[in-house]
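Visitor: Please take a close look at a single part of this protein for me. I would like to start with one sheet and the helices packed on it, and then see how other parts compare in kind.

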Amino acid sequence: MAGRINDEDVKAVRDAVPIDAVVSEYLQLRNAGGGNLKGLCPFHDEKSPSFQVSPSKGFFHCFGCQEGGDTITFVMKIDHLTFSEAVERLAGQAGITLRYEEGGYNPTHQRGERIRLVEAHKIAAEWYAEQLATGPEAETGRAFLAERGFDQAAAQHFGVGYSPQGWDHLTRFLRGKGFSDKELLLSGLSQEGRRGPIDRFRGRLMWPIRDIGGDVVGFGARKLYEADNGPKYLNTPETAIYKKSQMLYGMDLAKKDIAKASRAVVVEGYTDVMACHLAGVTTAIATCGTAFGGDHIKILRRLLMDNGSARVIFTFDGDAAGQKAALRAFEDDQKFAAETYIAIAPDGMDPCDLRLAKGDDAVADLAEPRTPLFEFALRQIVSRYDLDTPAGRASALDEAAPVVARIKNSGAQHEVAVQLAGMLGILDTQFVVKRVAQLARWARDRGGKGPAPDQRQRGTAPQQQAAPARAAVPGPALNLRNPVFATERELLKLALQRPDLVSPAFDAYGVDEFTAPPYAAVREAILEAGGAEFGVQDPQDYLVRVREAAPDDAVRATVTELAVEAIMRRAVDEMYAGEVLVRVRRRAVERRVHDVNGRLARLSGHGDPAELTAVQNELWVLQQYDQTLRTHGAAAL
């Protein structure tokens, strides 16, 4: 049985790797105020950022889909890892040696499948690179690169390698490193032969494909020999760690510059990415043997943050296939908030050929945005018709107008409709504008009205969004953002984020002082974890213990949400904390007064005199306590 990772080591890993550093590997984060950071959630599709990270607390929470947790949870969810695999990956980044219980430390047998597959790819990439650098047989590969303007330094920078022509060179090498035949087949590095596993890639130039976190998860292999009957490019098959629809070659090198510049350049091949980066266009990326699609857009949007100045430039070949690829990209254009452009060299050369023929400056110039993608797509449509005839213009309008009608922004839609009228040579511009608007209206009616466009574009601040009802709360949906619960929510945020300001008074509050069942459950979890007093004594471990004390995932998610959400007052001090404590207590007193008054009404006239006197005394005590709270505030707690 696999050993359990030592608890102290898990805590060391959690403390050693800052959550904002880990999350920033996958999406762009910006200041959200109150020490928090925000970005577009990687776990669901959204237009405005509702995903927040609290570096000081070590937690993340999405106010849109309610996903949340710590650094380990994020890595588990984003890369589909088990708890052990996530801890092992983070430990490797932090240089922490893990100890395992129930059997001792045995990394070879204890690591999860994904960790093993990634490790196999890492070793394979190093081995391929060594073959290219020193192997006599690899001269063909070195010559191929040199002919395209890439020297040894360029090959090393991108990790380019060479797979020998033999049947099982890599397979035998990885067996010697302790990998089983099953692992080699699962990784896609080997495939079944007549007498057992053989190398999948043989006699090819190898490009390592890394995920956004920088791990090698697959390879792109280019044919070098005429005797090779395989395709020109052969990619790793779909595996547990490699999904080609979610891979962008060069993303590990380009992501920081993409986020910094709010700009991405999408090219078609591995050598094009190399040429662009060497020419100074360090935001270049490419798909891996598949068309640019929805999953690629999601990855880019998280880095671009969908701000108004973001740009995505597609550089396709000028041939028919390149034009077809551009039109496919345009089909997904409206999934971007960024502006999209197309760049095609006048002579149709790709960036690699352009760099060879005209140098780095020509590549950098090619990547400058000039022609909007929608304009290119419309011109391709219009070019198929004879615009000298009324019938040709009408047919071109019939095909092009629905394309313009798909543009969601009404201002942009109107402007493009005017441009379309000019392309078609239709002098009555308003006729084209009205035709496009009519098609857009019909499309909206068929798909359902939904929210108003201005509401969709503005978005809603995380603090104003209505949280969905928790699974643990029976009956009608409970809106935790209801103002009735606002003070309770604020007190719990203070107890989780600033326990020093509410301890020890908070720990004396009863669970029944929190009227929303999820909030009562959070109060109970804090009590189980040692109370706010423990948070003062050990702030590093406090939130982890509260989450562990939560009875279910719904309450655990609420704990994370409250630990990350900004406190409503910008200047948080003892006076503000005292005000919140008093408001919650006074509301509890008011509810009790209401209950006691009800008992008095029921006892009046026919109740037991002794009981009536006791209830009257209780009411008097409650009223006096409420008066003391109003007069003396937190000092009366």
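Guide: What follows starts at the open sheet and its helices, then moves to other parts of the chain.

This is a predicted model. The chain has 637 residues, and 49% of them count as buried. It holds 29 helices and 19 strands. Among contacts with a separation of 6 or more, 66% join residues 24 or more positions apart.

Now the sheet. It is open and built from 6 strands. Their order is S14-S16-S15-S17-S18-S19, and the pairing is mixed. The edges are S14 (248–249) and S19 (371–372). Each edge strand has a single partner, so one side of each is left without a neighbour in the sheet.

Look at one pair within the sheet. Strand S17 covers residues 311–314, and strand S18 covers residues 339–342. The two run in the parallel sense and pair over 4 bridges. In this pair, isoleucine 313 stands opposite tyrosine 341 of S18. Helix H11 (residues 251–261) packs on the sheet. H11 touches S14, strand S15 (263–267) and strand S16 (284–287). The direction of H11 makes about 125° with that of S16.

A further helix on this sheet is H13, residues 294–304. H13 lies across S14, S15, S16 and S17. Against S15, H13 runs at about 155°. How much of H13 is covered? Most of it: 8 of its 11 residues are buried. Those residues are His296, Ile297, Ile299, Leu300, Arg301, Arg302, Leu303 and Leu304. Note that the buried list includes Arg301 and Arg302. The cover over the buried residues of H13 includes S14, S15, S16 and S17. It also includes helix H11 and strand S2 (30–33). After H13 comes methionine 305, with a positive phi near 65°.

Next, a helix pair. H12 spans residues 270–278, and H15 spans residues 351–358. Their axes come within 7 Å and cross at roughly 45°. That angle makes H12 oblique to H15. From H12, the contact uses Thr271, Asp272, Ala275, Cys276 and Leu278. From H15, it uses Pro351, Cys352 and Arg355. By class, the H12 and H15 contact has 5 nonpolar, 1 polar and 2 charged residues.

Set beside that another pair, H26 and H27. H26 covers residues 539–549, and H27 covers residues 553–564. The axes of H26 and H27 come within 8 Å and cross at roughly 155°. That makes H26 roughly antiparallel to H27. The crossing is right-handed. On the H26 side, the contact residues are Leu543, Val546 and Arg547. On the H27 side, they are Arg556, Val559, Thr560 and Ala563. This contact of H26 with H27 divides into 4 nonpolar, 1 polar and 2 charged residues.

One residue in another helix is worth a stop. Arginine 592 sits in helix H28, residues 574–603. Is arginine 592 buried, exposed or partly exposed? Its relative accessibility is 32%, so it counts as partly exposed. Leaving out residues up to four places away in sequence, arginine 592 touches Arg599, Glu618 and Leu622. Take leucine 622 from that list. Arginine 592 and leucine 622 lie 30 residues apart in sequence, yet their C-alpha atoms are 7.9 Å apart in space.

Last, a strand with two partners to examine. Strand S11 covers residues 204–210 and is mostly covered, with 6 of its 7 residues buried. Strand S8 (residues 161–163) pairs with S11 in the antiparallel sense over 3 bridges. There, serine 163 stands opposite arginine 204 of S11. S11 also joins strand S12 (residues 216–223) through 7 bridges, and these two run antiparallel. In that pairing, arginine 210 stands opposite valine 216 of S12. S11 and S12 form a hairpin with 5 residues between the strands. In this hairpin, glycine 214 takes a positive phi near 100°.

Key: Residues are numbered from 1 along each chain as its sequence is written. This is a predicted model: local features need pLDDT of at least 70, side-chain atom pairs count only at pLDDT 80 or more; totals for chains, interfaces and linings use all residues. Side-chain values use heavy atoms; hydrogens and water are left out. Two strands pair if DSSP finds at least two bridges between them. Contact means heavy atoms within 4.5 Å. Axes are lines fitted to C-alpha atoms, for helices over the stretch in contact, and angles run from 0 to 180 degrees between N-to-C directions. Buried means under 20% relative accessible area, exposed over 50%, partly exposed in between (1.4 Å probe, protein chains only). Angles under 35 degrees count as roughly parallel, over 145 as roughly antiparallel, 65 to 115 as roughly perpendicular and the rest as oblique. A crossing is left-handed if the near helix is turned anticlockwise from the far one by less than a right angle, and right-handed if clockwise. Ala, Val, Leu, Ile, Met, Phe, Trp, Tyr, Cys and Pro count as nonpolar, Asp, Glu, Lys and Arg as charged, and the others, Gly among them, as polar.
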